[in-house]
Amino acid sequence: LCLAELVGVMDNTIINVGIPTLGRAFSASTTQLQWIVDAYTLVFAVLMLPGGHLGDRIGRRRVLIIGLLGFAVASLVSALTTSIAVLIGLRALLGVCAAMVFPATLSLISTIFNGTGHHALAVGLWAATAGLGIALGPVVGGLLLQYFAWPSLFGINIAIVLPVAAASPLLVPESRDDHPGRFDAVGMGLAIACLGLLVGSIIEGPQIGWTTPSILGGLAASAALAGAFIARERRVDRPLLDLSLFRAAGVATCTATIGLAFFCLFGFTFAITIYFQAVRGYSALRAGLAILPFAAVMGACSPLAPVLARRLGIGRCIPLGIALMGVGFWIVSFADAANPYWAVMVPAMVLMAAGLALAQGPATDIILSAAPRDEIGVASGVNDSVREIGGTIGVAVLGSILTHVYRDQMSTVTSTSPSLSAAGDSIMAAQQIAATLPEGSQQTTLRATASDAFLSALHINCLILTGIMLMASILIAFRFVHNARH
């Protein structure tokens with residue numbers, strides 16, 4: 001089940017290091033390259049709640065196997081396609097399959113270990129795999145592109161999912177809701193439309209502009225549909241999402257904690273991969289390997305999180321984890337182009353990974369423990385949707401801040417020469433322009449100015465993340481104290 005989960009998480013990040021290669025292979029525009037990433041993210045985030053509900057109704061193992069086989073077929077066709085439009089469509093199809101697989105893995109783990117002493121540990125291992133997948137995606141992608149062509153980015157999926165699909169009937173027991181009731185098609189439609197408009201508006205916000213009528217209209221329509229969905233779910237006998245789940249002690253707080261943790265983590269990961277390649281000059285492979293300390297610590301600490309949660313208490317463990325992540329972001333605010341990797345980035349990633357492990361595993365365990373056994377797939381879908389939507393918002397918001405600060409810092413250079421105006425778009429664009437200039441002071445100045453501008457933006461982002469996480473840690477601790485008293 002963890003291997004099945006790993007594919008869905010890795011496919012979220014493995015493609016990032018291949019974007020330049022895919023751009024050259026397909027002669028793709030920037031917008032097309034963005035949609036190679038966003039088509040998967042959008043569909044994945046929107047369909048996880050329906051995917052969890054489907055597993056509850058027709059069988060979680062059955063949905064898992066269908067999703068895995070679909071993932072293998074879509075990956076094979078992706079590796080063979082010669083059309084960028086077809087590739088974008090196939091990425092969306094991969095998102096559909098991942099939305100079937102991901103909630104099924106968590107709900108099956110929860111039902112298999114329900115009532116045993118290993119439930120928290122099993123959920124902790126699932127959480128560890130989620131963190132490992134985020135960090136391993138760039139590493140595996142870099143290794144594949146070092147030795148193979150771009151189709152290998154999709155071939156790795158087939159090598160993992162086919163053995164898992166074959167072993168699942170032998171190793172994984174089936175489970176489902178024995179009394180599913182009437183299917184809430186209206187609620188399903190409202191949920192998909194609401195999340196689709198929300199995530200789509202967030203993805204396009206940095207490109208189109210946050211204050212444009214289309215983005216503001218999309219966000220407003222999403223809020224209206226959310227209200228209609230909540231009203232609908234309160235009236236029907238068998239709701240798609242039982243809202244009473246969020247009235248259980250700690251569930252709302254833990255859901256917000258997971259969304260916030262991945263908001264910060266995805267936003268930070270987006271910026272730090274650019275830092276490694278554009279500021280420090282790492283190759284795609286070396287940039288991926290530079291994130292390995294995060295994966296190693298996440299894998300080591302996640303199984304220990306349930307033990308620590310039992311000793312300290314959930315109300316202390318989760319706020320401590322969020323605070324540790326905040327300290328990790330603060331350390332990165334001291335990063336520059338020359339300081340030793342082991343002195344800044346490694347301690348920062350150790351704290352971030354340990355903090356995420358301490359917060360994510362226990363928070364997920366509380367959400368699943370509060371759900372009725374026949375609705376565990378929906379609870380898993382909620383947990384996974386919050387994680388993915390939080391990460392998508394983090395990339396969009398923190399990416400916008402990064403771009404705004406970078407452009408402002410570069411204005412002193414770009415305003416003096418029309419030929420250098422494109423250097424204000426991104427640090428990669430600045431480096432490409434610098435490469436066309438004659439060697440000398442102008443080339444050196446442009447590279448140094450772009451590097452300094454990006455570092456200023458990175459530092460501001462990290463300080464914002466530090467403030468968010470430390471404040472959140474205090475609020476979460478107070479919330480758990482309040483729940484304990486009442």
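Here is a short exchange about salt bridges, cysteines, a helix and a surface patch in a predicted model.

Trainee: Before we start, what is the basis of the values?

Mentor: Residues are numbered from 1 along each chain as its sequence is written, and side-chain values use heavy atoms, with hydrogens and water left out. As this is a predicted model, local features need pLDDT of at least 70 and side-chain atom pairs count only at pLDDT 80 or more, while totals for chains, interfaces and linings use all residues.

Trainee: Good. How many salt bridges does the structure hold?

Mentor: A salt bridge is a side-chain nitrogen of Lys or Arg within 4 Å of a carboxyl oxygen of Asp or Glu. One of them joins Asp11 and Arg91 (2.8 Å, N to O). The structure holds 4 salt bridges.

Trainee: How many residues apart in sequence are the parts tied together by Asp11 and Arg91?

Mentor: Buried means under 20% relative accessible area, exposed over 50%, and partly exposed in between (1.4 Å probe, protein chains only). Asp11 is buried at 1%, and Arg91 is buried at 0%. Asp11 lies in helix α1 (residues 2-13) and Arg91 in helix α5, with helices being DSSP runs (H or I, at least four residues) numbered from the N terminus. The parts that this pair ties together are therefore 80 residues apart.

Trainee: Which helix holds both Arg387 and Asp384?

Mentor: The side chains of Arg387 and Asp384 meet in a salt bridge of 3.9 Å, N to O. Arg387 is buried at 4%, and Asp384 is buried at 0%. The two lie 3 residues apart, about one turn, in helix α16 (residues 376-414).

Trainee: How many disulfides are there?

Mentor: A disulfide is a pair of cysteine sulfur atoms within 2.5 Å. The sulfur of Cys2 is 16 Å from its closest cysteine sulfur, in Cys301, too far for a bond. For Cys462, which is buried at 1%, the closest cysteine sulfur is in Cys264 at 10 Å, also too far. The count comes to 0 disulfides.

Trainee: Is helix α15 largely enclosed or open, and how many of its residues are buried?

Mentor: Helix α15 (residues 341-370) reaches 42 Å from its first C-alpha to its last, close to the expected 44 Å, which is 1.5 Å times one less than its number of residues. The helix is largely enclosed by the rest of the structure, because the buried residues number 23 of the 30.

Trainee: Which residue does the side chain of Thr81 contact?

Mentor: Thr81 is found in the loop between α4 (60-80) and α5 (84-112), and is buried at 10%. A polar atom of its side chain lies 3.3 Å from the backbone nitrogen of Ser83.

Terms used:
A polar contact is a pair of N or O atoms within 3.5 Å; within protein, one must be able to donate a hydrogen and the other to accept it, and residues adjacent in sequence count only if both atoms are side-chain atoms.
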